[in-house]
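Subject: Model for your review

Hello,

Here is the model I promised. Please open it alongside this email; my notes follow below.

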Amino acid sequence: MPGSVRFLVVNDYPARRIAKTLSRVVGVDEPFSAATRYTVSEQKVQSKTKAQTPLTRAFRGINLSLWATYFMGLMVTYLLSGWLPILIMDAGLSIERVASITALFQLGGTVGTLVVGCLVDRWARIRRLPPTSAAPSSSCC
């Protein structure tokens with residue numbers, strides 16, 4: 001289930017609202033039946049505050065994995081931003097050319113992320129993810 005629909009089910013929202021949201025996500029004009037019962041295999045996390053939820057035992061592993069992934073991605077970006085100009089200058093290009101290539105590296109990453117995000121949202125989410133990850137990797141060879 002999409003994240004917003006899962007949130008509605010776990011937090012016991014009315015079936016009518018869940019059906020309306022699910023119809024909008026699936027893209028069906030006819031709403032789902034009001035008699036439909038929606039269930040999710042996870043339980044509502046009981047914590048003192050909403051901010052403590054990611055730190056609970058149920059979410060600790062995935063939370064640490066996400067932090068490690070974001071940190072490594074940021075580290076790669078900083079390393080490339082720092083070393084790319086030096087490597088390009090050593091190849092004999094002018095400082096103006098080096099500056100434009102480095103700027104295009106940052107711009108290309110931003111534009112590429114937005115474009116791939118739109119494509120994944122528009123088409124099947126799971127099937128499009130491997131090709132969007134494999135295409136940039138294969139272009140490096």
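Contact here means heavy atoms within 4.5 Å. Among contacts in the protein chain with a separation of 6 or more, 26% join residues 24 or more positions apart.

Two points on the source. This is a predicted model, with pLDDT of at least 70 required for local features and pLDDT 80 or more for side-chain atom pairs, while totals for chains, interfaces and linings use all residues. Residues are numbered from 1 along each chain as its sequence is written, and side-chain values use heavy atoms, leaving out hydrogens and water.

Overall picture

The protein chain has five helices and zero strands. Its pattern along the sequence is α-α-α-α-α. Helices (H or I, at least four residues) and strands (E, at least two) are DSSP runs, numbered from the N terminus. The chain has 141 residues, and 13% of them count as buried. Buried means under 20% relative accessible area, exposed means over 50%, and partly exposed lies in between (1.4 Å probe, protein chains only). The accessible surface is about 11,600 Å², with 64% belonging to carbon and sulfur atoms. Areas come from the Shrake-Rupley method with a 1.4 Å probe; for residues, only the protein chains shown count as cover.

The α1 to α2 region

Aspartate 12 sits in the loop between α1 (3–10) and α2. Its phi is positive, about 55°, although it is not a glycine. Most residues other than glycine have a negative phi. Aspartate 12 is exposed, because its relative accessibility is 67%.

Threonine 21 lies in helix α2 (residues 15–26). Threonine 21 counts as buried because its relative accessibility is 9%. Beyond its neighbours within four places in sequence, threonine 21 contacts Ser4, Val5 and Leu8.

Helix α3 and the pocket

Phenylalanine 71 is in helix α3 (residues 57–90). At 51% relative accessible area, phenylalanine 71 is exposed. Phe71 joins Met72, Met75, Leu79, Trp83, Ile86 and Leu87 in a nonpolar surface patch of about 730 Å². Patch residues have over 30% relative accessible area and no salt bridge (a side-chain nitrogen of Lys or Arg within 4 Å of a carboxyl oxygen of Asp or Glu). Like charges are joined within 9 Å, and nonpolar side chains (Val, Leu, Ile, Met, Phe, Trp, Tyr) within 5 Å.

The second largest pocket is lined by Thr77, Leu80, Phe105, Gln106, Gly108, Gly109, Thr110 and Thr113. Both α3 and α4 (95–122) give two or more residues to that lining. A pocket is an open set of points on a 1 Å grid over the protein atoms alone, where a 1.4 Å probe fits, with protein on both sides within 12 Å along at least five of seven lines; lining residues have an atom within 4 Å of a point.

Best wishes
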